[in-house]
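Let's take a walk through a protein model together. Have a look at the sequence and the 3D view, and keep both at hand as you read.

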Amino acid sequence: MQKSVSVNWATIQHKLTPYLFLLPALLILGLTVFWPALQAFYLSFTRYEYDLTQAPQWVGWENFQRLWTDAVFWQTLGNTVLYLVCVVPVLAIAPLALAILVNQKLWGMHWFRAAYYTPVVISMVVAGIAWRWIYEGNGLLNQIIRQIGLSEKGIPWLTSPQWALFSVMAVTVWKGLGYYMVIYLAGLQAIPADLYEAAAIDGSDGIRKHWDITVPLMRPYLVLVAVISAISATKVFEEVYIMTQGGPRNSSKTIVYYLYEQAFRNLEMSYACTIGLVLFLGILVLSILNLKLTKQRI
């Protein structure tokens, strides 16, 4: 009997050991992520605004009813969906083309890799300010447009409702190309060269070899990039905050920026938590659908 108890205790101790190593990280995550998330979930069903020294008052579904009739929320939701639809396909395809290009064994190619990756290490604050200067009425981009005769007045990149959101999208794409290129590059370097040699014998060479071999073998990486870029596009904030402040006329305002505006400018914490809860559920559904749809193709 004593031996049996000793063996059982050793087994339990062996199973608990990994969790003891995880305990410090779990405590930090619990204090900084899980507990604030539970508080935000609770606050979305309360009224907690303006005078934040007062205790939250339970109001049930009142914030969700307000959200349903909030025209600005639906406009920001449309902007976010448009951001998602425009940015994700570009960030899923263009970095793969760049990775194929810089994966060639040519002299000086490592300099091209460094050049394409440079925007990734630049702070978004610095990048946003730089691009805001480029987009100015007398900025570099408009000066080039005037020089080549496309427009005498230039294009109001950040001050026109038709151009503002797409101008911010361009910065997101520019900033993310190098990051996703590195992910694809790791996958390309794992493909055996023998496959390309065998394909060349069968007549699959040039661009066709990438369609026959590269794309099918890179599907897991395509799925990863699609999921990561979709979540990032849904949560975009820094570019909007630095370059447009959501204007003009809310044309470039996204859900995350609207959440920030309600929480820290209008001090409507409960309503901001409601927006955050809806955003979380949207990202969760999007991620699950994306994984299920793409898993069938892998």
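Two rings of Phe, Tyr or Trp (for Trp, the six-membered ring) count as an aromatic pair if their centres lie within 6.5 Å. With that rule, a search of the whole structure turns up 20 aromatic pairs. Please keep in mind that what you are looking at is a predicted model.

A pair of aromatic rings is described by the distance of the centres and the angle of the planes. Take Y135 and W157 as an example: their ring centres are 5.7 Å apart and their planes make an angle of 40°, which is a tilted arrangement. This pair links distant parts of the chain, as the two residues are 22 residues apart. Y135 sits in the loop between α5 (124-134) and α6 (140-147), while W157 belongs to the loop between α6 and α7. Are these two residues buried or exposed? Both Y135 and W157 are buried.

Aromatic rings can also gather in groups. F41, Y42, F45, W58, W61 and F64 form one aromatic cluster. Now find R66, which lies over the face of Y271, at 3.7 Å from the ring centre. Y271 also appears among the residues touched by N63, a residue of helix α2 (residues 62-68). Not counting residues up to four places away in sequence, N63 touches L43, S44, F45, T46, S270, Y271 and T274. Its relative accessible area is 6%, so N63 is buried.

Next, let's see what the UniProt record adds. An unreviewed entry there places the feature "domain: ABC transmembrane type-1" at residues 77-290. In the model, this span is 74% helix and 0% strand, and its end C-alpha atoms lie 19 Å apart. The unreviewed entry also carries the annotation "transmembrane region" for several stretches, including residues 81-102 and 114-134. Residues 81-102 are 100% helix, with end C-alpha atoms 32 Å apart. For residues 114-134, the share of helix is 90% and the end C-alpha atoms lie 23 Å apart.

Now turn to the nonpolar residues inside the protein. The largest nonpolar core has 45 residues, and those with the most contacts inside it are Y83 and Y184. Two or more residues each come from α3, α7 (164-188), α8 (193-201), α10, α12 (255-265) and α13 (269-295). Which element gives the largest share of this core? It is α3, with twelve residues. Y83 itself touches V88, L165, V168, M169, T172, A233, V236 and E239, leaving out residues up to four places away in sequence. Apart from this core lies another one, of nine residues, among them W131, Y135, L158 and M243. You have met Y135 before, as one partner of the tilted pair.

Two threonines let us look at contacts in more detail. T80 is found in helix α3 (residues 71-102), and T234 lies in helix α10 (residues 219-234). Why does T80 count as buried? Its relative accessibility is 4%, and buried means under 20%, so T80 qualifies. T234 is buried too, because its relative accessible area is 8%. Setting aside neighbours within four places in sequence, T80 is in contact with T234, T254 and I255. By the same rule, T234 is in contact with T80, L84, V256, L279, I283 and L286. Each threonine also has a polar partner: a polar atom of the T80 side chain lies 3.1 Å from the backbone nitrogen of I255, and the side chain of T234 reaches the backbone oxygen of A230 at 2.7 Å. T234 and T254 are 20 residues apart along the chain, and their C-alpha atoms are separated by 8.2 Å.

Our last stop is the loop between α11 (238-243) and α12, where P248 is found. Most residues other than glycine have a negative phi, and most peptide bonds are trans. Here, a cis peptide bond joins G247 and P248, with omega about -5°. Q245, in this loop as well, has a positive phi, near 55°. N250, also found in the loop, has a positive phi near 65°. Q245 is partly exposed, with a relative accessible area of 35%, and N250 is partly exposed at 21%.

Notes
Residues numbered from 1 in each chain as written. Predicted model: local features only at pLDDT ≥ 70, side-chain atom pairs only at ≥ 80, totals over all residues. Heavy atoms only, no water. UniProt positions renumbered as here; feature names shortened; annotations may be inferred. Helix = DSSP H or I, 4+ residues; strand = E, 2+ residues; numbered from the N terminus. Buried < 20%, exposed > 50% of the residue type's maximum accessible area, 1.4 Å probe, protein only. Contact = heavy atoms within 4.5 Å. Polar contact = N/O pair within 3.5 Å; in protein donor to acceptor, adjacent residues only side chain to side chain. Core = buried A, V, L, I, M, F, W, Y, C linked by side-chain atoms within 4.5 Å. Phe/Tyr/Trp six-rings, centres within 6.5 Å; stacked < 30°, edge-to-face > 60°. Lys NZ or Arg CZ within 6 Å of the ring centre and 35° of its normal.
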